[in-house]
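Colleague: Hi! Could you show me the model you have open and walk me through it?

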Amino acid sequence: MRRVARPDETEARRDGGVERRQLVPPHDDSTLALDAVRLAPGTSLALTDDDHDTLVFAHAGSGSLDGTALSSAAAGFVPFGEAGSLVAGADGLACVRITLGAGTDLHAPMGATQPVVALDHVEPGQATGARSFQVLHGPHNGSTRATMFVGYIPPGSAPWHYHLYDEIVWILRGEGRLHIGDDTEPLAAGVAFRLRPREVHIVENTQRDAELAVLGIFTPAGSPSAAYLEPHVAGTYAFSG
């Protein structure tokens, strides 16, 4: 069964100067979903939603979120029930939009809400092996239902592992492979996939000299470093150099 969604194989819905492609729809008991969105220069997209929190990550062009600049490699957050609007700049705006239902489990808030965060202003953290990440939105700045981060995977792969959260992954740059069970699918910039809780997997970087950069969004909110190894590899991995 195909797990990876590719923009060029997904139906585009257009409304004026806004193009949307739903790459990862809601699934069973999860309302977490991801769309690829492109706004023509000067066009706007309302993000106000009475039922869903909305997160966006801009990856090309420029624009603003409620008057605050939203350049490439920056993220925005609009809690459910609050007003929010994206406006594209003179060169247009390309982003991914993530929505999740207001019924999602809440994490205790740890700081004031921060509507816009630029990636180059975020301190890195460490994950499994040599992987690192930068958290853009989470309980520390107002997103108590989901955590959004950019993760960096060096050439090669981590061991088989799983998470307890429901996650959508969107490839920001680079090439690799997704391994789930006996299935393997290629990864490239712009594709997306869902990882269900406790789903054992490997995200492999097949490049020789460059990082694979991914945007991850998961719920309930927490830390991207919370990964669990399969028992048959845990001992070997713990003592490897």
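Modeller: Happy to! Let's start with the largest pocket: 14 residues line it, and Arg2, Arg3, Val24, His27 and Arg194 lie nearest its centre. Keep in mind that this is a predicted model.

Colleague: Okay, how much space lies in the largest pocket?

Modeller: About 240 Å³.

Colleague: And which elements give two or more residues to its lining?

Modeller: Those are β2 (18-24) and β17 (192-195). The largest share comes from β17, with 3 residues.

Colleague: What does the lining of that pocket look like by class?

Modeller: The lining of the largest pocket has 9 nonpolar, 1 polar and 4 charged residues.

Colleague: Now the closed spaces. How many cavities of 30 Å³ or more does a search of the whole structure find?

Modeller: It finds 2. The largest cavity holds about 290 Å³ of space. Its lining has 21 residues, and the closest to the centre are Arg131, Phe149, Ile153, His163 and Glu167.

Colleague: Which strand gives the most to that lining?

Modeller: β12 does, with 4 residues. At least two residues of the lining come from each of β11, β12 and β14. Sorted by class, the lining of the largest cavity has 12 nonpolar, 7 polar and 2 charged residues.

Colleague: And what volume does the second largest cavity have?

Modeller: About 40 Å³. Arg3, Leu178, His179, Ile180, Asp183, Thr184 and Glu185 line the second largest cavity. Two or more of its lining residues come from each of β15 and β16 (183-188). By class, this lining has 2 nonpolar, 2 polar and 3 charged residues.

Colleague: I noticed Arg3 in two of your lists. Where does it turn up?

Modeller: Arg3 is among the residues nearest the centre of the largest pocket, and Arg3 also lines the second largest cavity.

Colleague: Nice. Let's switch to aromatics. How many aromatic pairs does the structure hold?

Modeller: It holds 4. Take Phe133 and Phe149: the ring centres are 6.5 Å apart and the planes sit at 80°, so this pair is edge-to-face. Phe133 is in strand β11 (residues 132-137) and Phe149 in strand β12 (residues 147-153), so the pair ties together parts that are 16 residues apart in sequence.

Colleague: Are those two buried or exposed?

Modeller: Phe133 is buried, with a relative accessible area of 10%. Phe149 is buried too, at 8%.

Colleague: Why do Tyr165 and Phe218 count as stacked?

Modeller: Their planes are at 15° and the ring centres are 3.8 Å apart, so the pair is stacked. Tyr165 lies in the loop between β13 (161-162) and β14 (166-173), while Phe218 is in strand β19 (residues 212-219), so this pair ties together parts that are 53 residues apart in sequence. Both Tyr165 and Phe218 are buried.

Colleague: What do Phe133, Phe149, Tyr165 and Phe218 form?

Modeller: One aromatic cluster. You have met Phe149 already, as one of the residues closest to the centre of the largest cavity.

Colleague: Last topic: strand β18. Which residues are on each side of it?

Modeller: Ile202 and Glu204 are on one side, with Val203 and Asn205 on the other. In general, side chains in a regular strand alternate between the two faces of the sheet. Here all four residues are buried, and both faces of β18 (residues 202-205) are covered.

Colleague: How does β15 pair with β18?

Modeller: Strand β15 (residues 175-180) pairs with β18 in the antiparallel sense, over 4 bridges. Arg177 stands opposite Glu204 there.

Methods:
Residues are numbered from 1 along each chain as its sequence is written. This is a predicted model: local features need pLDDT of at least 70, side-chain atom pairs count only at pLDDT 80 or more; totals for chains, interfaces and linings use all residues. Side-chain values use heavy atoms; hydrogens and water are left out. Rings of Phe, Tyr and Trp (its six-membered ring) pair if their centres lie within 6.5 Å; planes under 30 degrees apart count as stacked, over 60 as edge-to-face and the rest as tilted. Buried means under 20% relative accessible area, exposed over 50%, partly exposed in between (1.4 Å probe, protein chains only). Two strands pair if DSSP finds at least two bridges between them. On a 1 Å grid over the protein atoms alone, a cavity is a set of points where a 1.4 Å probe fits but cannot get out, and a pocket is an open set with protein on both sides within 12 Å along at least five of seven lines; lining residues have an atom within 4 Å of a point. Grid points are joined across faces, edges and corners, and a volume is the space filled by probe spheres set on the points. Ala, Val, Leu, Ile, Met, Phe, Trp, Tyr, Cys and Pro count as nonpolar, Asp, Glu, Lys and Arg as charged, and the others, Gly among them, as polar.
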